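Visitor: Please take a close look at one part of this model, the backbone outliers, and then say what lies around them in the fold.

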Amino acid sequence: MNASQARRSGDGRAKAVFTGIGVVAPNGNGTEDWWAATLAGKSGIDTVRSFDARSYPSQLAGEVEDFDPGERLSARIVVETSRMSHFALAATGMALDDAAVDLSQLPEYELGVITANAAGGAEFGQRELQKLWRGGPKDVSPYMSIAWFYAATTGQISIGHGMRGPCGVVVSEQAGGLDALGQARRVVRDGTRLVVTGGSDSSLSPAGFVSQLPTGNLSTVNDPARAYLPFDTGASGFVPGEGGAILVLENADTARARGVDRPYGELAGYAASFDPRPGSGRPPTLARCARAALADARMRPEDVDVVFADGHGTAERDRQESRALAELFGPRGVPVTVPKTMTGRLYAGAGALDTAGALLALRDQVVPPTVHVKHPADAHELDLVTDQPRETALRSAMVIARGHGGFNAVAVVRLAG
């Protein structure tokens, strides 16, 4: 078998490998700062500071602080785009720098952009509508028509970096970050050399916050150490967050040709499913989705060394996930972690951020902890990594994301051979 054949999947399709990571998160701006904070168990969840939330039943969030978009983006782009795009554009720059790629040396029509977003530019839209009410149409930004839109981030990355190949946006709430990676792998396999992919969200404005409350899933516990406790006996809902991650996904042969000897890992498997209508009596499809992702990777359950769980934080959704994991791996059959307990659920940014964490876990041979969970419910039968990182041999990781409305996505990453 030659080197080119070794870098192809079992069915002969080109392998897609991750060569760059960029992160903007509530507990760290920049990939290594965020990863160090995550391993240290540092939480970014606190009382909302971007607006007065004292009259809201939920008053906590994972907010990105000390982030000045002007330090990484031009003044023109800052004005033309919303906060969710600021995060993604800054993370894109980090990821491309990390990948050490000179895009000018690659054909522009073989460079793609596929991102995910769930809430759009909520704070941008609210701000401009308030201007409309106060002063009239003349006061509204001309960028109101585009800055709030889900595809704004993909468009700005494509324009700014001259990436004219396959471009798109995925809107599937929490699952979106993984769905974007799956779509990116598809276009790499179809011939695109490099894709900038991942997800970001920012819905922490009054309008954005209010839109989340009717689900009944947000925790109303206002102690940052007790509000978001997935798989815990005290689980009461989740805390929302903002931020996300952008990753560079490349054709393994192209990456090797430009000198990348050790990528972070391969996107080996991906699958998506949709749960049946509530009340139908049919079971959730998460276990089937996870099995499909393993089959896509040509792996068995025993080949998975760690699971980055969705960790919804509500009793029923946690029960569904733990049952799916027990069905697949056996009771306490694989280490499980929920590092988003330090950021809150970032919606479309979550799956991409967890994938970044999985890749760094493979690099450093360590599982990051789940924080604040002091009383894991025995009924979940999980080997939940809590309090401290766990050093262990890792070659592969499964990442799970479940979106509001029934979306499920599962990705499997492994060290590139």
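**Two positive phi values and the cores**

Guide: E381 sits in the loop that runs from strand 12 to strand 13 (383-384); helices (H or I, at least four residues) and strands (E, at least two) are DSSP runs, numbered from the N terminus. The model is predicted, so local features need pLDDT of at least 70 and side-chain atom pairs count only at pLDDT 80 or more, while totals for chains, interfaces and linings use all residues. Residues are numbered from 1 along each chain as its sequence is written, and side-chain values use heavy atoms, with hydrogens and water left out.

Phi of E381 is near 50 degrees, a positive value in a residue other than glycine. Most residues other than glycine have a negative phi. E381 is partly exposed, at 33% relative accessible area (buried is under 20%, exposed over 50%, partly exposed in between; 1.4 Å probe, protein chains only).

Q365 also has a positive phi, near 55 degrees. Q365 lies in the loop between helix 13 and strand 12 (366-367), and is partly exposed with a relative accessible area of 27%.

Next, the interior. The largest nonpolar core (buried Ala, Val, Leu, Ile, Met, Phe, Trp, Tyr and Cys joined through side-chain atoms within 4.5 Å) has 47 residues, and V413 is among those with the most contacts inside it. Helix 13 (residues 348-364) gives the largest share of this core, ten residues. Beyond four places in sequence, the contacts of V413 (heavy atoms within 4.5 Å) include F18, T355, A358, L359 and L362. A second, separate core of 36 residues includes L286 and M398.
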